[in-house]
Amino acid sequence: MTEKRAFAETPAFRVLLGISGIWGAASSGYPVYTRVFGGVLGVLCAVSLAVDLVKRRRKRAADGH
């Protein structure tokens, strides 16, 4: 039986954070420090999702699927 995870532990939450970060980085109405932080947050979320995808593929390959 799989364990139920909180929404903050799912990949969908990282996508949501990444989108909000990139949105903040692209908005010209925000101060520069907010746009830089948003851009960094968006990049970190994208890297985190890519690492998660690679781990899942390696696990599937090791399982023989």
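**Exercise 1. Find how far apart D52 and R56 sit in helix α2, in helical turns.**

Step 1. D52 and R56 are four residues apart in helix α2, so about one helical turn separates them. Helices here are DSSP runs of H or I with at least four residues, numbered from the N terminus.

Step 2. The side chains of D52 and R56 meet in a salt bridge, 3.6 Å from N to O. A salt bridge puts a side-chain nitrogen of Lys or Arg within 4 Å of a carboxyl oxygen of Asp or Glu.

Step 3. R56 is partly exposed, at 41% relative accessible area. Buried means under 20%, exposed over 50%, and partly exposed in between (1.4 Å probe, protein chains only).

*Ground rules.* The model is predicted: local features need pLDDT of at least 70, side-chain atom pairs count only at pLDDT 80 or more, and totals for chains, interfaces and linings use all residues. Residues are numbered from 1 along each chain as its sequence is written, and side-chain values use heavy atoms, leaving out hydrogens and water.

**Exercise 2. Work out which residues the salt bridges join into one network.**

Step 1. The whole structure holds two salt bridges.

Step 2. One of them pairs D52 with R14, at 3.4 Å from N to O. D52 lies in helix α2 and R14 in helix α1, so this pair ties together parts 38 residues apart in sequence.

Step 3. The other partner to recall is R56, also bridged to D52. Shared partners thus join R14, D52 and R56 into one network.

Step 4. Now set aside neighbours within four places in sequence: D52 is in contact with P11 and R14. Contact means heavy atoms within 4.5 Å.

**Exercise 3. Check the span of α2 against its number of residues.**

Step 1. Helix α2 covers residues 32-63. The expected span is 1.5 Å times one less than the number of residues.

Step 2. For 32 residues that gives 46 Å; the end C-alpha atoms are 47 Å apart, which agrees.

Step 3. Just past the helix, G64 takes a positive phi of about 95°.

**Exercise 4. Sort residues of α2 into buried and partly exposed.**

Step 1. G38, G42, C45 and D52 are buried. Their cover includes α1 (11-26).

Step 2. V40 also belongs to α2. V40 is partly exposed, with a relative accessible area of 43%.

Key: Helix = DSSP H or I, 4+ residues; strand = E, 2+ residues; numbered from the N terminus.
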